[in-house]
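Reader: Could you walk me through this structure, and show how each label follows from the values?

Author: Happy to. Let us look at the picture and then take the labels one at a time.

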Amino acid sequence: MATAVYPGSFDPVTKGHLDIIERAASLVDELVVAVLKNNAKTPLFSEEERVKMIKDVTGHIPNVRVESFSGLSVEFAKQCGAKFIVRGLRAVTDFEYELQMAQTNRSLCPEVDTLFFATDLNYAYISSTITKEIGSYGGDISGFVPEQLVDQVYEKIASRQRNESRQTGK
Ligand code: PNS
């Protein structure tokens, strides 16, 4: 049985992530989408919220499991019995970091290989960061995140903005 782990921050999961999830899931018996808990970045969504959002948009893919993890991706992959780590490559700018990460992971655990998926051209410019940026200015994010998450993302951004303005008194 071939299992793959797709680790990431998913803050929030985007249409680009979902496309990679669908394509990767079609190639393996089980795909574990793994939400990193202890990222250095302060996430907009809690780990539980991110897991739930991914579950909500992947319900139609039977061989996808969504989990959170802390620590090293390769250790989590080993725990899952996974042979592969899945990552998406949007552009050349991703390549250097992704190659370094794949080589580091390989040196830590040669049994787990990284599978790269070329991001669909329709989603090449999309990232979670850009989604939050656009949303924070009230721009249209319906092309960026799956439809059922759009309102939730706007609400979360607005709630963070309210908290920030309460704290700064502006
Ligand atoms: O969605 P992201 O933020 O690009 O995902 C990055 C992620 C979570 C895949 C990466 O930061 C990661 O694997 N973190 C866990 C710690 C780890 O394994 N580090 C070694 C790889 S450099």
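**Reasoning from the values**

Author: In this predicted model, 41 residues line the largest pocket, and Gly8, Ser9, Lys41, Arg87 and Tyr97 are those nearest its centre. The elements that each give two or more residues to this lining are strand E1 (3-8), helix H1 (15-25), strand E4 (84-89), helix H4 (92-108) and helix H5 (128-136). The volume of the largest pocket is about 1,000 Å³.

Reader: Which element gives the largest share of the lining, and what is the lining made of by class?

Author: H4 gives the largest share, with 8 residues. By class, the lining has 15 nonpolar, 17 polar and 9 charged residues.

Reader: Which residues are around the ligand?

Author: They are Pro7, Gly8, Ser9, Leu36, Lys41, Gly71, Leu72, Ser73, Arg87, Tyr97, Met101 and Asn105. The cut-off here is a heavy atom within 4 Å of the ligand.

Reader: What makes the approach of serine 9 to the ligand a polar contact?

Author: The cut-off for a pair of N or O atoms is 3.5 Å. An N or O atom in the side chain of serine 9 is 2.6 Å from an oxygen atom of the ligand, so the pair counts as a polar contact. Serine 73 also has a polar side-chain atom 2.5 Å from a ligand oxygen, and for the side chain of arginine 87 the distance from an N or O atom to an oxygen of the ligand is 2.9 Å.

Reader: Why is arginine 87 called buried?

Author: Buried means under 20% relative accessible area. Arginine 87 has 17%, so the label applies. This arginine is found in strand E4, and its side chain makes a polar contact of 2.8 Å with the side chain of glutamate 98.

Reader: How do you know that H1 is largely enclosed by the rest of the structure?

Author: Because 8 of the 11 residues of H1 are buried. They are Gly16, His17, Leu18, Asp19, Ile20, Ile21, Ala24 and Ala25. Take glycine 16, found in helix H1: its relative accessibility is 9%, and the limit is 20%, so glycine 16 counts as buried.

Reader: What reaches the backbone nitrogen of glycine 16 at the start of H1?

Author: A side-chain oxygen of threonine 14 comes within 3.2 Å of that nitrogen. Glycine 16 also has a partner to look at far along the chain: leucine 121 is 105 residues away in sequence, with 9.5 Å between the two C-alpha atoms.

Reader: Where is phenylalanine 10, and what is its phi?

Author: Phenylalanine 10 sits in the loop between E1 and H1. Its phi is positive, about 50°, although this residue is not a glycine. With a relative accessible area of 2%, set against the 20% limit, phenylalanine 10 is therefore buried.

Reader: What makes the peptide bond between aspartate 11 and proline 12 worth pointing out?

Author: This peptide bond is cis, with omega at about 0°. Proline 12 is placed in the loop between E1 and H1.

Reader: How do you know that there are 0 disulfides?

Author: A disulfide needs two cysteine sulfur atoms within 2.5 Å, and the count by that rule is 0. For cysteine 80, the nearest cysteine sulfur is that of cysteine 109, 12 Å away, so cysteine 80 is in no disulfide. Seen from cysteine 109, the nearest is the sulfur of cysteine 80, again at 12 Å, and cysteine 109 is in no disulfide.

Reader: Are these two cysteines buried or exposed?

Author: Cysteine 80 has a relative accessible area of 17%, which is under 20%, so cysteine 80 is buried. Cysteine 109, at 1%, is buried by that limit too.

Reader: Where does cysteine 109 lie, and how far is it from threonine 42?

Author: Cysteine 109 lies in the loop between H4 and strand E5 (113-118). Cysteine 109 and threonine 42 are 67 residues apart in sequence, and 28 Å apart in space from C-alpha to C-alpha.

Key: Residues are numbered from 1 along each chain as its sequence is written. This is a predicted model: local features need pLDDT of at least 70, side-chain atom pairs count only at pLDDT 80 or more; totals for chains, interfaces and linings use all residues. Side-chain values use heavy atoms; hydrogens and water are left out. Buried means under 20% relative accessible area, exposed over 50%, partly exposed in between (1.4 Å probe, protein chains only). On a 1 Å grid over the protein atoms alone, a cavity is a set of points where a 1.4 Å probe fits but cannot get out, and a pocket is an open set with protein on both sides within 12 Å along at least five of seven lines; lining residues have an atom within 4 Å of a point. Grid points are joined across faces, edges and corners, and a volume is the space filled by probe spheres set on the points. Helices (H or I, at least four residues) and strands (E, at least two) are DSSP runs, numbered from the N terminus. Ala, Val, Leu, Ile, Met, Phe, Trp, Tyr, Cys and Pro count as nonpolar, Asp, Glu, Lys and Arg as charged, and the others, Gly among them, as polar. A polar contact is a pair of N or O atoms within 3.5 Å; within protein, one must be able to donate a hydrogen and the other to accept it, and residues adjacent in sequence count only if both atoms are side-chain atoms.
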